[in-house]
Every structure is written in C-alpha cells, then in structure tokens.
Amino acid sequence: VQLQASGGGLVQAGESLRLSCATSGSIFSPDVMGWYRQAPGNQRDLVATITSGGSTNYADSMKGRFTISRDNAENTVYLQMNSLKPEDTAVYYCRLLQSGNAYWGQGTQVTVSS
C-alpha cells in the first residue's frame, strides 16, 4: 500500500487549500483514512478521519474550518482547509488504517503567513 499526498503550499492567513491523498495497492473496506499534522518540535496530531462508510471525526480546533471527504472509487481522501491561520503551519500527513495496519504518506508542507 502506498499513499501520495499533495496540495500543500504557501498561503496567506484567511486563504484556503485543498490537500489530496491518493492510495494504491490492496485497499479494502472497512478502513479509516485520515489527516494528521506535525509542526516543528511538536508531536504528530490528528486533524480529521473518515471511515469507508463516510463517518467523520475532527480535532476540535479544525471543526468548522476543515472538511475531510473521500472518493472510494478513486481511493483518494481530501482535506479542504478554509480560513487558514498561521498556527495551521505544519507538515500534513495522510494515513490509511485497515485490518490494524497503519500506512502513512510522505507528508505535504502547508505554510500560512500572517
């Protein structure tokens, strides 16, 4: 299983970005796909997850600004990030969890300037 994250970049505060994570390999339901982020010197934290059935979960600080979605036919998960803040600056990682195994993408840098 491989995950390829993309869509990061440099934006100003208040702007939006959409991250994508394409998966390949043996993907089967049920599974959970998610986004995590890690700022320099910090641990990797949950951003949002979505199950193969479409149930979502968000970290409290992302609720209302970030939206996770997925295209099961394309095995791709998305993260729409609106009203970005400088504190959202981090490397964003996608993860696939299936049958107790976790697979990580390589990360994509998001930088938000004030």
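1. Let's start with the core of this predicted model. The largest nonpolar core holds 28 residues, and those touching the most other members are Trp-35, Val-47, Phe-66, Ile-68, Leu-79, Met-81 and Tyr-92. At least two residues of this core come from each of β1 (2-6), β3 (17-24), β4 (32-38), β5 (45-51), β7, β8, β9 and β11 (108-113). Which strand gives the most to this core? It is β9, with 4 residues. As background, nonpolar side chains in soluble globular proteins tend to be buried together.

2. Tyr-92 is a good residue to click on next. Leaving aside residues up to four places away in sequence, Tyr-92 touches Leu-19, Trp-35, Tyr-36, Arg-37, Val-47, Phe-66, Leu-79, Met-81, Gly-107, Thr-108 and Val-110. Among these partners, Trp-35, Val-47, Phe-66, Leu-79 and Met-81 also appear with Tyr-92 in the group that touches the most other core members.

3. Now step back to the whole fold. The protein chain has 11 strands and 0 helices, so reading from the N terminus you meet β-β-β-β-β-β-β-β-β-β-β. The radius of gyration is 13 Å, close to the 13 Å that the globule rule gives for 114 residues, so the chain is as compact as a globular protein of that length. Along its principal axes, the C-alpha trace spans about 40 × 25 × 20 Å.

4. How many of the residues count as buried? The share is 40% of the 114 residues in the protein chain. Take the contacts between residues at least 6 apart in sequence: 51% of them join residues at least 24 apart.

5. On the outside, the accessible surface of the protein chain comes to about 5,800 Å², and carbon and sulfur atoms account for 45% of that. As for charge, there are 8 positive and 8 negative side chains, with the centres of the two sets 3 Å apart.

6. Finally, two backbone details deserve a look. Most residues other than glycine have a negative phi. Asn-75 has a positive phi, near 50°, and sits in the loop between β7 (66-71) and β8 (76-81). Is Asn-75 buried, exposed or partly exposed? Its relative accessibility is 26%, so Asn-75 counts as partly exposed. Ser-83 also has a positive phi, near 50°, and its place is in the loop between β8 and β9 (90-98). With a relative accessible area of 41%, Ser-83 is partly exposed.

Technical notes. Residues are numbered from 1 along each chain as its sequence is written. This is a predicted model: local features need pLDDT of at least 70, side-chain atom pairs count only at pLDDT 80 or more; totals for chains, interfaces and linings use all residues. Side-chain values use heavy atoms; hydrogens and water are left out. The radius of gyration is taken over C-alpha atoms; the globule rule is 2.2 Å times the number of residues to the power 0.38. Buried means under 20% relative accessible area, exposed over 50%, partly exposed in between (1.4 Å probe, protein chains only). Contact means heavy atoms within 4.5 Å. Accessible areas come from the Shrake-Rupley method with a 1.4 Å probe; for residues, only the protein chains shown count as cover. Lys and Arg count as positive and Asp and Glu as negative; His and the chain ends are not counted. The place of a charge is taken as NZ of Lys, CZ of Arg, CG of Asp or CD of Glu. A nonpolar core is a set of buried Ala, Val, Leu, Ile, Met, Phe, Trp, Tyr and Cys residues joined through side-chain atoms within 4.5 Å.
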